[in-house]
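Look through the sequence and the model below before reading on. The paragraphs after them go from charged pairs to the overall fold, and then to particular helices and residues.

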Amino acid sequence: MDKKNQTKVTEFYFSDFPQFEDGGLLLFILLLCVYLFIVVGNAMIFLAVQLDVRLHNPMYSFISIFSFLEICYTTVTIPQMLYNLVSKEKTISFIGCLLQMYFFHSFGVTESLVLTIMAIDRYVAICTPLRYAIIITPKLCTQLSTGSFTLGFLMLLPEIVWISTLPFCGPNQIHQLFCDLEPMLLLACTDTSMILVEDVIHAISILSCVSIISLSYLRIITVVLKIPSGESRQKAFSTCTAHITIFVLFFGSVALMYLRFSVTFQPLLEKVIALMFAVLAPFFNPIIYSLRNKDMKDAIKKMFGSQKILTVSGS
């Protein structure tokens, strides 16, 4: 294509959202309720861990960080989805699209690293309990958390900078629920063979985390099965059930999104997978950690009980 005749794209259009009068309102209400539940539920977990001294240990510290990340992760995409459901324009600026991709994937990578740390934490706690306090120190927890955020936000930076230099001259229709790497690269007016390299990079990072987590839990299961007491065995398993469930939900949807290379799905199935990845996995996080964890339930009840006491004393 003659570069002189190229018109630079300044915004992108989400073409797959229904119009407001064609079901957009119903989807808007449903998605808004889900988003509010995600924010409130994960905020409750985060605050409960911060306010209850009984939960001031590495495991719950990592859970609170993960809940904070879930709020940030969904806030990057869902408000834009809600806007697209009620707006006629359904557009996002070029810079806005780059920023959405950067923060969405940066928070996602950070979450995967935190999940990996949580698996290692449970491995040390169950497989070497006598050395747990020596190995998993508060200083190490701070270093691991800081490292996860740093690596998560640096890993995607080169890729986003590279995409920002590509020429986009049309069309400008994104066939996805939010700005994502591959749908945007397909719109570039240049050679897109780098998509394969991008897929390989994502695959390596995802499979590395999955391998570490899987090996940790396999070792944990092996050790737990050797525990003679049934009650102790049940207690050990119960501390890992929530983590494993979140792991399967998160990395299962990640695999469907980013470990398929050239495999394509039907457009409707593409949207369902995107919703699983961006909405449903964060939706189940507060349910799993609050309903299946007695200490967390007690901390949340205590938090609301304290609020009632403050309200009564203030009146």
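Two salt bridges are present in the structure, which is a predicted model. In general, side chains with opposite charges can pair when their charged atoms come close. One of the bridges joins the side chains of Arg 54 and Asp 52, with 2.7 Å from N to O. Is Asp 52 buried or exposed? Its relative accessible area is 1%, and buried means under 20%, so Asp 52 counts as buried. The other bridge joins the side chains of Asp 121 and Arg 122, at 2.9 Å from N to O. Both Asp 121 and Arg 122 are buried.

Now consider the chain as a whole. The protein chain contains 11 helices and three strands. Read from the N terminus, the order of the elements is β-α-α-β-α-α-α-α-β-α-α-α-α-α. The chain has 315 residues, and 45% of them count as buried. Its accessible surface is about 16200 Å², and carbon and sulfur atoms make up 70% of that surface. Among contacts with a separation of 6 or more, 78% are between residues 24 or more positions apart.

Helix H1 covers residues 24–51 and can be checked for length. With 1.5 Å for each residue, its 28 residues should span 40 Å. The C-alpha atoms at its ends are 40 Å apart, so the expected span and the model agree. Several residues of H1 are buried, including Gly 24, Leu 31, Val 34, Tyr 35 and Ile 38. Further along H1, the buried residues include Gly 41, Asn 42, Ile 45, Ala 48 and Val 49.

After helix H2 (58–86) comes a loop that leads to strand E2 (91–93), and Lys 90 lies in this loop. The phi angle of Lys 90 is near 55°, which is a positive value in a residue other than glycine. Lys 90 has a relative accessibility of 0%, so this lysine counts as buried.

The next topic is the nonpolar interior. The largest nonpolar core has 90 residues, and those with the most contacts inside it are Phe 12, Phe 168, Met 184 and Met 296. Which helix gives the most to this core? Helix H3, residues 94–127, does so with 18 residues. Met 184 shows how parts of the sequence meet in the core. Leaving aside residues up to four places away in sequence, Met 184 touches Phe 12, Phe 94, Cys 97, Leu 98, Met 101, Ile 163 and Phe 168.

Helix H3 also holds Ser 112. This serine counts as buried because its relative accessibility is 9%, below the 20% limit. With residues up to four places away in sequence left out, Ser 112 touches Cys 209, Phe 250 and Phe 251.

Phe 103 is another residue of helix H3. Its relative accessible area is 33%, and residues between 20% and 50% are called partly exposed, so Phe 103 is partly exposed. Together with Ile 95 and Leu 99, Phe 103 forms a nonpolar patch on the surface. The accessible area of the three residues together is about 270 Å².

Two further residues show how positions apart in the sequence are placed in the fold. His 202 is in helix H8, which runs over residues 194–225. At 9% relative accessibility, His 202 counts as buried. Its C-alpha atom is separated by 9.9 Å from that of Val 254, and the two residues are 52 residues apart along the chain. Apart from residues up to four places away in sequence, His 202 touches Glu 159, Leu 181 and Tyr 258.

Lys 271 is found in helix H10, residues 267–291. Is Lys 271 buried or exposed? With a relative accessible area of 13%, Lys 271 is buried. Lys 271 and His 175 are 96 residues apart along the chain, and their C-alpha atoms are separated by 9.1 Å. Lys 271 touches His 175, and also Asp 16, Gln 176 and Leu 177, again not counting residues up to four places away in sequence.

Terms used:
Residues numbered from 1 in each chain as written. Predicted model: local features only at pLDDT ≥ 70, side-chain atom pairs only at ≥ 80, totals over all residues. Heavy atoms only, no water. Core = buried A, V, L, I, M, F, W, Y, C linked by side-chain atoms within 4.5 Å. Buried < 20%, exposed > 50% of the residue type's maximum accessible area, 1.4 Å probe, protein only. Helix = DSSP H or I, 4+ residues; strand = E, 2+ residues; numbered from the N terminus. Contact = heavy atoms within 4.5 Å. Patch = residues over 30% accessible without salt bridge, like charges linked within 9 Å, V, L, I, M, F, W, Y side chains within 5 Å. Areas by Shrake-Rupley, 256 points an atom, 1.4 Å probe, with all protein chains shown as cover. Salt bridge = Lys/Arg side-chain N within 4 Å of Asp/Glu carboxyl O. Expected span 1.5 Å × (residues − 1).
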